[in-house]
Amino acid sequence: FSPVIFNLIRKMVISMYIVHVSFFFMFLNNVLSQEDNGDWLVAKKLREMIMCKLDKNTRPSLHYPNKTDIETFISPITLEFVEDSSSIRLQTWIELLWRDQNLSWDENEYSNKSMIIVEASKIWIPDLFLFNWKNKLVILEEICSDVYIGSIGWLYTSVIPVLDGHCAPDWTNWPLDTQNCEIHLTSRKYTSDEVDFILDASYKGYSKGLYMEDYIPSRVWELKEMKAKKINTFMGKVNGTDVFRVDIKIYIQIKRHASVFISSYVMPGFVMIVLSLSSLWFSPTHPQRIPVICLLALLQTLYLLYLGYKIPSNGAKIPRIVVFYGGSLTISTTLLILTVLSRSISTFKTKPSSISEILRKLESYDRINFFKFSDVKENENSTSSQPNEWQQLVLFINKAAFIILCPIYTVLFLHFIL
């Protein structure tokens, strides 16, 4: 064959192959479309039957006095404590499962179709909302999108709301604080005689009414405990009958990760204690004592201002760390006043009448020679006629202040860290 005829035959073969493949896919698509149309028709028929039975405003029950049991599954995902707004923010799965026998059907009549999805706005949804909401009111029936209906009348829906509930903070032990909060869910329309929310803990992985396998730990707060509990709250009497409201309360206890805060807030306090007590080992007339105490008081003042910036002001109790640094500043101020007075006393020229005798008695009872005044020399800056008793008194005041401040600082520091 010539090249022209060969190319012509090759193009004809390729064209016939493409035509055959196209016809095959058209046939396959037609068959699948007929099957899809059949499923769609069955689903449409089933949906029309379901919609005829739906009543959004009537809770499902064979008889009106019967209670509607709703199995409730709560699976926390993330947890955050918002310090400035005094709120606990919980993102969680909430799954609701209940039964409406009026919405059941025979699968054999609908091509073995066992489930159908209906928009939540067209069907009765359990009434559940966040009672102690802080920034936004969350109503579950308003955020549900779809409801799955099974052939035997079981209905299922799930939402992932962000529950922002009010939580009164306790800054007493800041930054080693522990917060106790709760998320309070309840029904607006129904009493416990009409609707009952059941926290089923029989499923694998559920503990204390919650499924914690999906929880993502917080980097700031350590979750110490979380549990859910159903409570029937007494509302009053109607026609002599007690009326109760069904509440679901999620109790949350969290503790701040304090490893970084120990070096930032606890260690500076310990260093300031050491500096404050060390200043008492200087002689009251030593030229470096007043500058050291003034510097210490300045650091404590600045640190209190810093704590006022860091600690939220929405707590009911004064934080212990503020009490500690405030007490330390008071002690530093007292030491400054004591130093000035000691310097003034050491310049007295009059001879005291009974101070020497009192000091000698104290020295006689001192078994460890802590109050030893006999070796005190006269002040170098004083005149030769200046009596030694005043210097002994100043030394006594200095050592007594050291003994008094040691237990005071110990109590303050232990009260702060424990």
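In the predicted model, the hairpin of β12 and β13 has two residues between its strands, and within this hairpin Asn239 takes a positive phi near 55°. Asn239 is placed in the loop between β12 and β13, and it has this positive phi although it is not a glycine. Most residues other than glycine have a negative phi, and most peptide bonds are trans. With a relative accessibility of 77%, Asn239 counts as exposed, because exposed residues are those over 50%. The two strands of the hairpin run antiparallel and are joined by 16 bridges, β13 covering residues 241-256. Among the pairs that define their register, Lys227 has Tyr251 in β13 as its bridge partner, and Asn232 is likewise bridged to Val246 in β13.

The hairpin belongs to an open sheet of four strands, arranged in the order β4-β8-β13-β12 with antiparallel pairing. The edges of this sheet are occupied by β4 (129-130) and β12 (221-238), each of which has a single partner strand, so that one side of each is left without a neighbour in the sheet. Strands of a sheet pair through backbone hydrogen bonds, either parallel or antiparallel. Between β8 and β13 the pairing is antiparallel and extends over nine bridges, and in this pairing Cys181 stands opposite Ile252 of β13.

Two further backbone features were found in loops. The peptide bond leading from Trp174 to Pro175 is cis, with omega near 5°, and Pro175 lies in the loop that links β7 (162-166) with β8 (178-186). A positive phi, near 55°, is also found at Ser86, a residue other than glycine, which is situated in the loop between β1 (68-82) and β2 (87-99). The surroundings of the residues with positive phi can be set side by side: Ser86 is buried, with a relative accessible area of 7%, whereas Asn239 is exposed, at 77% relative accessibility.

Turning to the interior, 40% of the 418 residues of the protein chain count as buried. The largest nonpolar core comprises 77 residues, and those with the most contacts inside it are Ile50, Ile88, Ile149, Ile183 and Ile250. Helix α7 (residues 389-417) gives the most to this core, with seven residues. Because domain 1 (50-256) and domain 2 (260-374 + 386-417) both give residues to the core, it lies between them. The contacts of Ile149, leaving aside neighbours within four places in sequence, include Ile50, Leu103, Trp105, Met115, Ile116 and Val118; Ser114, Ile123, Trp154 and Leu155 are also among its contacts.

The secondary structure of the protein chain comes to seven helices and 13 strands. UniProt, in an unreviewed entry, places the feature "transmembrane region" at residues 12-32, 258-282, 288-309, 321-341 and 393-417. In the model, residues 258-282 are 80% helix and 0% strand, with the end C-alpha atoms 36 Å apart, while residues 288-309 are 95% helix and 0% strand, with the corresponding end atoms 32 Å apart. Thr339, a residue of helix α5 (residues 320-345), counts as buried at 0% relative accessibility. Not counting residues up to four places away in sequence, Thr339 touches Pro284, Arg289, Ile290 and Ile293. Across the protein chain, residues 24 or more positions apart account for 76% of the contacts with a separation of 6 or more.

Confidence varies along the model. The mean pLDDT of the protein chain is 80, and 78% of its residues reach 70 or more. Among the elements, β8 has the highest mean pLDDT (94), whereas helix α6 (residues 355-365) has the lowest (60). Over residues 34-38 the pLDDT is below 50, and beyond near neighbours in sequence this stretch has zero contacts in the model. Residues 374-387 also stay under 50 in pLDDT, but for this stretch the model has 24 contacts beyond four places in sequence. Where pLDDT is low, the predicted coordinates should not be read in detail.

Conventions:
Residues are numbered from 1 along each chain as its sequence is written. This is a predicted model: local features need pLDDT of at least 70, side-chain atom pairs count only at pLDDT 80 or more; totals for chains, interfaces and linings use all residues. Side-chain values use heavy atoms; hydrogens and water are left out. UniProt positions are given in the numbering used here, feature names are shortened, and annotations may be inferred rather than shown by experiment. Two strands pair if DSSP finds at least two bridges between them. Buried means under 20% relative accessible area, exposed over 50%, partly exposed in between (1.4 Å probe, protein chains only). A nonpolar core is a set of buried Ala, Val, Leu, Ile, Met, Phe, Trp, Tyr and Cys residues joined through side-chain atoms within 4.5 Å. Domain bounds come from an automatic or database domain assignment. Contact means heavy atoms within 4.5 Å. pLDDT is the predictor's confidence in each residue, from 0 to 100.
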